[in-house]
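Q: Please take a close look at a single part of this structure. Walk me through its geometry, its packing and its surroundings.

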Amino acid sequence: MTKIPTIIPVAALALLDPQGRILVQQRPEGKSMAGLWEFPGGKIEPQETPQSALVREIAEELDIVISSHDLTPAGFVSEPLGTRQLLLLLFLCRHWEGTPAGKENQQIQWVDMAALGELPMPPADRPLLEQLKLYL
């Protein structure tokens, strides 16, 4: 009998500015995959929906306010992560309040799709690029 891996649900955000650029953040030193660029977001807690987790995570990480009503599902990926399985849900958002800033010592940058494809990214984020193109 095959053991079912523990699933780690994560919500991520493709924040899109009026120029069509996407905000990404660099994983800080001391974290796994440090130096790689990723979509901001984080783990979905048991009492949360993916949208509410993303609203919380984005406020914590980027110091901006997004609304769950402005989130559009844009793709997902299921990727092995050691003995666990990462389920990464990507949402697109074009509206927010505030100015994004890296509150957790992470670098952030706005990039277009061509530049995004050139950045070193975690294995789970890369497949989301093709899915994201369908919404841009």
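A: The account below starts with a helix and then moves outward.

The model is predicted: local features need pLDDT of at least 70, side-chain atom pairs count only at pLDDT 80 or more, and totals for chains, interfaces and linings use all residues. Residues are numbered from 1 along each chain as its sequence is written, and side-chain values use heavy atoms, with hydrogens and water left out.

The part is helix α1, residues 50–62. Helices (H or I, at least four residues) and strands (E, at least two) are DSSP runs, numbered from the N terminus. The expected span is 1.5 Å times one less than the number of residues. For the 13 residues of α1 that gives 18 Å; the end C-alpha atoms lie 17 Å apart, which agrees. After the helix comes D63, with a positive phi near 60°.

Now the packing. Buried means under 20% relative accessible area, exposed over 50%, and partly exposed in between (1.4 Å probe, protein chains only). In α1 the buried residues are A53, L54, E57, I58, E61 and L62. They fall within an arc of 125° seen down the axis, so they line one face of the helix. The arc is taken from the directions from the helix axis to the C-beta atoms. An α-helix has 3.6 residues a turn, so residues three or four places apart point the same way.

What covers that face? The cover of the buried residues includes β1 (7–15), β2 (22–26), β4 (41–43), β6 and β7. Contact means heavy atoms within 4.5 Å. α1 lies across β1, β4 and β6, and runs at about 120° to β4. Axes are lines fitted to C-alpha atoms, for helices over the stretch in contact; angles run from 0 to 180 degrees between N-to-C directions.

Next, the sheet. Two strands pair if DSSP finds at least two bridges between them. Four strands form an open sheet with mixed pairing, in the order β4-β1-β6-β5. β4 and β5 (72–81) are the edge strands, each pairing on one side only. From one strand to the next, the twist averages 20°. Nine bridges join β1 and β6 in the parallel sense. I8 has L86 in β6 as its bridge partner.

One last point concerns β7, which is among the elements covering the buried residues of α1. It spans 108–111 and holds W110. W110 is partly exposed, at 26% relative accessibility.
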